[in-house]
Amino acid sequence: MSSKPPAAVSERALVLGMDVGGTTIKAEISDDAGTVLAAGAVPTPPGEAAFDAMLDLGDSLLDELSAADRSRIERAAVLLPGLVDSVRSIAVFSSNVGWRNVTIGSRFTDRWQVPVLIDHDVAAAGWAEWRFGAGRDRDTVCVIVIGTGISGTLSVAGKFVRGALGQAGEYGHIPVRHDGMLCPCGNIGCVETVASAANIARTYALRTGTECRSAATVFARSDTDPQARAVIADAMDALADGLTGVIHAVCPELIVLGGGLAGAGAALTDALHQALTARLRVVPVPEVAIGAFGPRAGLAGAALLARHGALS
Ligand SMILES: [Zn+2]
């Protein structure tokens, strides 16, 4: 990252934050205190049409503001899934939405008439959890977002790690089960083939012969159902196996769990902490906590990125 990050916006500034997911595009205009002045969401159209939907959603929120408030908008940030080249402003690839090498250039800035940053959705959400959420004031933190897939961020000794492609923390694609399931990435037995929300639900359904559509159901049953507890323990064992390498390498003091599965609370954090305790002999077992922003981590990350100007 050679380019100098832009300075923070002024205290009176409003910012537009947008989080583009595989199914929904969400956006908010907020002030310095986090108060939301306008908010909206639209379904994500497939392919490059998604960019028109982003522009239109931004327009509609900006139109809701008074002229005085509209003039307070100093910057926007748009978070995209997949691979994002934030320096050259290119949406490199998204398998979920279906775009490849879309040059964003100035299309947002031209339309909204404010500087617009783009970045990777999980990177911004994880950075927000580290700097302003559950990882606040901690120097070495893994944030892991568990939903349809599993990925996250890594901060080491007070620095947010961006890695070679501007991204780091692909915890979900660490192979941990050599006789496991084929992962969509092409490897066998990746962490997310066992521990993603969808695969927790699927494994429980297979083991019990009952229908189970969501991991939340498995966690809800874990107090009374030993099968549910066993499926959760397997999932957290796989995640712990995947994390042991990075834990030995950088000694995180805290692991923050976010994403859809984080609603499970202590049933999730206790299971992961137990699995880590069973594995770690040389390095201390990190604390495990639930993210502070919950399912809003993406929108919070977008607003905070717009406000601060860089993930740093
Ligand atoms: Zn994989």
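Let me open with the zinc ion, whose protein donors are His173 through ND1 and Cys183, Cys185 and Cys190 through SG, at distances of 2.1 to 2.4 Å. I should say at once that this is a predicted model. The four donor atoms subtend angles of 103 to 125 degrees, and the site is tetrahedral. Read along the sequence, the donor residues follow the spacing H-x9-C-x1-C-x4-C. Within this set, His173 and Cys183 link distant parts of the chain: they are ten residues apart, and both lie in the loop between β11, residues 159–160, and α5.

Are these two donors buried or exposed? His173 has a relative accessibility of 28% and therefore counts as partly exposed. Cys183, at 3%, counts as buried.

I turn next to Thr193, a residue of helix α5, which spans residues 191–195. Because its relative accessibility is 5%, Thr193 counts as buried. What lies 2.6 Å from a polar atom of the Thr193 side chain? It is the backbone oxygen of Cys190, and Cys190 is itself one of the zinc donors. Setting aside neighbours within four places in sequence, Thr193 is in contact with Met181, Leu182, Cys183, Asn199 and Arg202. Cys183, in that list, is also a donor to the zinc ion.

Now to the nonpolar interior. The largest nonpolar core has 40 residues, and those with the most contacts inside it are Ile144, Leu239, Leu243, Ile255, Leu257 and Leu272. At least two residues of this core come from each of β9 (141–146), β10 (150–156), α5, α6 (197–208), α7 (215–221), α8 (226–250), β12 (254–258) and α9 (266–279). Which element supplies the largest share? Helix α8 does, with eleven residues.

Ile255 may serve as an example from this core. Leaving out neighbours within four places in sequence, Ile255 is in contact with Cys142, Ile144, Leu243, Ile247, Leu272, Leu276, Pro286, Glu287, Val288 and Ala289. Of these, Ile144, Leu243 and Leu272 are, like Ile255, among the residues with the most contacts inside the core. There is also a second, separate core of 32 residues, which includes Met18, Ile25, Ile29 and Leu62.

I close with a strand pair. Strands β6, residues 90–94, and β7, residues 99–103, pair in the antiparallel sense over four bridges. Ser94 has Trp99 in β7 as its bridge partner. The two strands, β6 and β7, form a hairpin with four residues between them. In the turn, Gly98 has a positive phi of about 90 degrees.

Technical notes. Residues are numbered from 1 along each chain as its sequence is written. This is a predicted model: local features need pLDDT of at least 70, side-chain atom pairs count only at pLDDT 80 or more; totals for chains, interfaces and linings use all residues. Side-chain values use heavy atoms; hydrogens and water are left out. Buried means under 20% relative accessible area, exposed over 50%, partly exposed in between (1.4 Å probe, protein chains only). A polar contact is a pair of N or O atoms within 3.5 Å; within protein, one must be able to donate a hydrogen and the other to accept it, and residues adjacent in sequence count only if both atoms are side-chain atoms. Contact means heavy atoms within 4.5 Å. Donors are N, O and S atoms within 2.8 Å of the metal (3.2 Å for Na, K and Ca); water is not among the atoms, so sites may look incomplete. Four donors count as tetrahedral if all angles lie between 85 and 135 degrees; four count as square planar and six as octahedral if opposite donors are over 155 degrees apart and all others between 65 and 115; anything else is irregular. A nonpolar core is a set of buried Ala, Val, Leu, Ile, Met, Phe, Trp, Tyr and Cys residues joined through side-chain atoms within 4.5 Å. Two strands pair if DSSP finds at least two bridges between them.
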